[in-house]
Amino acid sequence: MKSMPAEDIAEKQRALAVCERMLAFEMDLSQKSNVLRKIGDYCVEILQQKNDRKTCEKAIAAYEEALLFYTDTEERHLAHRARVLKGLGYCRAALADYEQRSSNLNCAISHWEQALQFYPPAQAARDHAWLQNELGSAYRKLAELECRRENGKKAVEACEAALRVYNLKDCPVHYASAMANLASARLILAQAASTPAGEAEGIKRAISSYREAISVYSEARHPQQYAAMKNNLAIAYLTLSEVEDRAENCRKALAACEEALVHRRLEDQPLAYAALQNNLGNAYLALAEEQAEEEEKEEAQMVAEEEAKAAAVKK
């Protein structure tokens, strides 16, 4: 998503303040619900650039009050109701970063699934795909907290539904976003596999999807997305190293981390930089442990061979 210039954010904040002052005037329920909806919409535009708890709460309060009217007059205001549900889901998902993560994610999912009824793929393909992609992300985050297998499957299904609309030729950036979500969902689902072989297969599918996203997020045009995908790729290789080919996959994780570090600096993105350094450290540690285990095996083999030779001489 392109960053909104500071002056544009300030303009949205001024428009938001105007709408809030309008609520003090007398108006009928239809007019008031429209003002409340606009408050929520302006908040969403601000949240898309900078997540903020108070803005989330303000949007949710406005949308929920507007929804009361649109529910009572649903047949006459289907488009408005769908838009409110879509925005309300976005704000609940954003608020989940601050509090009651599971509860807010479940609310977001509920709102978006209701909104899907108004956005069938044949008539509203882009809105349908957007909702499915967001649902994929929400289900994946929820899978980290509860019902990993069930929510992981729902995440994969939602991302795949989005990719039935998004394609590499017509909307490459949206395609890459959905593919990245699919990769993360597959990684979560793989960790719920019942066998090591099943887990390895699922992780490899996740790696393939991350690589597909990276093919769109080039270093030159999308450096931050490229770095994020390389970081996720490192996590996937580290996860795979716990199941098979430990040394080889640790080296691949190291390479992915080092490629991501080119575009992440401590002063610009301290949290992302720290997360990347943590993955780098984990990869080095896992590789060192693997090498130490190999040395121990070689040493034990040498000792066994020496003991066998000594026993043979005595005979």
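User: Where in the chain is the place of Val18?

Analyst: Before turning to that residue, please keep in mind that this is a predicted model. Val18 has its place in helix H1, which covers residues 6–22. Looking at its surroundings, we find that Val18, Met22 and Phe25 make a nonpolar surface patch of about 280 Å².

User: Is Val18 buried or exposed, or something in between?

Analyst: The general idea is that a residue counts as buried under 20% relative accessible area and as exposed over 50%, with partly exposed in between. Val18 has a relative accessible area of 39%, so it is partly exposed.

User: How should I describe the secondary structure of the chain as a whole, and how many helices and strands are there?

Analyst: One counts the elements and then reads them in order along the sequence. Here the count is twelve helices and zero strands, and the pattern along the sequence is accordingly written α-α-α-α-α-α-α-α-α-α-α-α.

User: What share of the residues of the chain count as buried?

Analyst: The chain has 315 residues, and 42% of them count as buried. A companion value is the area that the chain exposes, which is about 17100 Å², with carbon and sulfur atoms supplying 50% of it.

User: Among contacts between residues at least 6 apart in sequence, what percentage join residues at least 24 apart?

Analyst: This way of reading contacts sets sequence separation beside meeting in space. In this chain, 60% of the contacts between residues at least 6 apart in sequence join residues at least 24 apart.

User: Where does Ala96 lie, and which residues does it touch beyond those up to four places away in sequence?

Analyst: Ala96 lies in the loop between helix H4 (78–95) and helix H5 (101–116). Although a loop residue may be pictured in various settings, the value to read is its accessibility, and Ala96 is buried, with a relative accessible area of 3%. When residues up to four places away in sequence are not counted, Ala96 touches Arg101, Asn104 and Leu105. A distance can also be read between C-alpha atoms: Ala96 and Cys107 are eleven residues apart in sequence and 9.7 Å apart in space.

User: Is His222, in the loop between helix H9 and helix H10, buried or exposed?

Analyst: The loop that holds His222 runs between helix H9 (196–214) and helix H10 (223–241). His222 counts as buried, because its relative accessibility is 16% and the cut-off for buried is under 20%. Leaving aside neighbours within four places in sequence, His222 is in contact with Val173, Val216 and Tyr217.

User: How many disulfides are there, and why does Cys43 not form one with Cys91?

Analyst: The general idea is to look at the distance between two cysteine sulfur atoms, which must be within 2.5 Å to count as a disulfide. By this rule the count is zero disulfides. The closest cysteine sulfur to that of Cys43 is in Cys91, and because the distance is 6.8 Å, the two are too far apart for a bond. The sulfur of Cys91, in turn, has its closest cysteine sulfur in Cys56, at 6.0 Å, which is also too far for a bond. Cys43 is buried, with a relative accessible area of 0%, and Cys91 is likewise buried, at 0%.

User: How many salt bridges does a search of the whole structure find?

Analyst: The search finds 16 salt bridges. One of them joins Glu45 and Lys12, whose closest N and O atoms are 2.8 Å apart. Glu45 lies in helix H2 (residues 29–47) and Lys12 in helix H1, so this pair ties together parts that are 33 residues apart in sequence. Glu45 is partly exposed, with a relative accessible area of 25%, and Lys12 also counts as partly exposed, at 23% relative accessibility.

User: Which helices hold Glu20 and Lys58?

Analyst: The side chains of Glu20 and Lys58 meet in a salt bridge, at 3.1 Å from N to O. Because Glu20 lies in helix H1 and Lys58 in helix H3 (residues 53–72), the pair ties together parts that are 38 residues apart in sequence.

User: What is the distance between the closest N and O atoms in the salt bridge of Glu289 with Arg246?

Analyst: The closest N and O atoms of Glu289 and Arg246 are 2.8 Å apart. This pair links distant parts of the chain, with Glu289 in helix H12 (residues 270–314) and Arg246 in helix H11 (residues 246–261), 43 residues apart. Glu289 counts as partly exposed, at 36% relative accessibility, and Arg246 is partly exposed, with a relative accessible area of 24%.

Key. Residues are numbered from 1 along each chain as its sequence is written. This is a predicted model: local features need pLDDT of at least 70, side-chain atom pairs count only at pLDDT 80 or more; totals for chains, interfaces and linings use all residues. Side-chain values use heavy atoms; hydrogens and water are left out. Patches are made of residues with over 30% relative accessible area and no salt bridge: like charges are joined within 9 Å, nonpolar side chains (Val, Leu, Ile, Met, Phe, Trp, Tyr) within 5 Å. Accessible areas come from the Shrake-Rupley method with a 1.4 Å probe; for residues, only the protein chains shown count as cover. A salt bridge is a side-chain nitrogen of Lys or Arg within 4 Å of a carboxyl oxygen of Asp or Glu. Helices (H or I, at least four residues) and strands (E, at least two) are DSSP runs, numbered from the N terminus. Buried means under 20% relative accessible area, exposed over 50%, partly exposed in between (1.4 Å probe, protein chains only). Contact means heavy atoms within 4.5 Å.
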